[in-house]
Amino acid sequence: MLFNIFMLIAGLVALVWSADKFVYGAAAFARNLGLPPMLIGLTIVAMGSSAPEMFVAATASMEGMTDTAIGNVLGSNVANITLILGITALLGAIAVSSQTLMREIPLMIIATVIAGYFLHDGMLTRIEGFILLGLFFMLMGYFIWHAVTNKKKDALEEEADSEIPTGVPTSRAILWLIVGIVLLPLSADWMVQGAVGIAKAYHLSDLVIGLTIIAIGTSLPELAACVAGVMKKEDDLAIGNIVGSNLFNILAVLAIPGIIAPGAVDAAASSRDFYMVLATSSALAVFILLSGRARALKRWHGVVLLCTFTAYQLILFQA
């Protein structure tokens, strides 16, 4: 048991560190290539913060643990909104002034509904995996087109620009990019192996271990990014990290188990857990829309979200 705990913690630490270095190198390299800050923020940074989920999903799928991979996606999306934004909102109201975010939040909900439709029959097929991946690339294409053609300044663009490394030599950016690419799959494997050992010791299902320990662990980069964003008064960037990460998870990461290990899905994932993802994603939109002209997540929203997260975890461990 101690060895499994060590593997889990070591894998988690290495996963978070290597994901950070991957984002740093990729963002710096993209800036050196002259790509727009908005584009870098919406694609590279968002995808980089979801790199832990992506590599964990791939590792689990290759080891035949499809439910762990799917649980990681669904659990991470729930944790991102309820735990991460809940903690962040407690630090102070998070204002949303970006028009980009007001487009992305509905897209996140639509993507969630599509994923739920694919899961509702208790199967995730290879065709459905490729459809999700195709939708992801279409969405990225839209973001790229919009970032290149839109001349109007957006609040998210200004905040994203300040977070992208400047003055980093291309050689150093490539070095950190390679370090991240090499360490991410290794650390993901350590984390999965440790989590599996703990799950077996406590008789937890593959789905529950993905929804809880692994999901919370892979969401830590988002927590760090959100807290840092709010402390710097970059509210749009804080919520943007979560929305972008959830979009990437539900389209690109969920596609991985479908493509690598298609087949039956735990019935709870297509009912209880999917509806939890849909409910929390919708709650984010409702909280912002009903906040009036302020369009903000307030402290009491944070309390509600954290209570929801706690109740969900209790339900999972009692299942």
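The protein's secondary structure comes to 13 helices and four strands (DSSP runs numbered from the N terminus: H or I of at least four residues, E of at least two). This is a predicted model: local features need pLDDT of at least 70, side-chain atom pairs count only at pLDDT 80 or more, and totals for chains, interfaces and linings use all residues. Residues are numbered from 1 along each chain as its sequence is written, and side-chain values use heavy atoms, leaving out hydrogens and water.

**Burial and contacts**
- Of the 319 residues, 56% are buried (under 20% relative accessible area, 1.4 Å probe, protein chains only).
- Among contacts (heavy atoms within 4.5 Å) with a separation of 6 or more, 89% join residues 24 or more positions apart.

**Nonpolar core**
- The largest nonpolar core (buried Ala, Val, Leu, Ile, Met, Phe, Trp, Tyr and Cys joined through side-chain atoms within 4.5 Å) has 88 residues.
- Leu85 and Leu254 touch the most other members.
- Helix H11 (residues 235-260) gives the most to this core, with 13 residues.
- Beyond its neighbours within four places in sequence, Leu254 contacts Ile70, Val73, Ala115, Leu119, Leu124, Leu132 and Asn249.

**H4 against H13**
- The axes of H4 (residues 66-90) and H13 (residues 299-318) come within 7 Å and cross at roughly 140°.
- The two helices are therefore oblique to each other (not under 35, over 145 or 65 to 115 degrees).
- Residues of H4 including Val78, Ile81, Leu85 and Leu90 meet a set in H13 that includes Arg299, Val303, Leu306 and Phe309.

Key:
Axes fitted to C-alpha atoms, helices over the stretch in contact; angles between N-to-C directions. Buried < 20%, exposed > 50% of the residue type's maximum accessible area, 1.4 Å probe, protein only.
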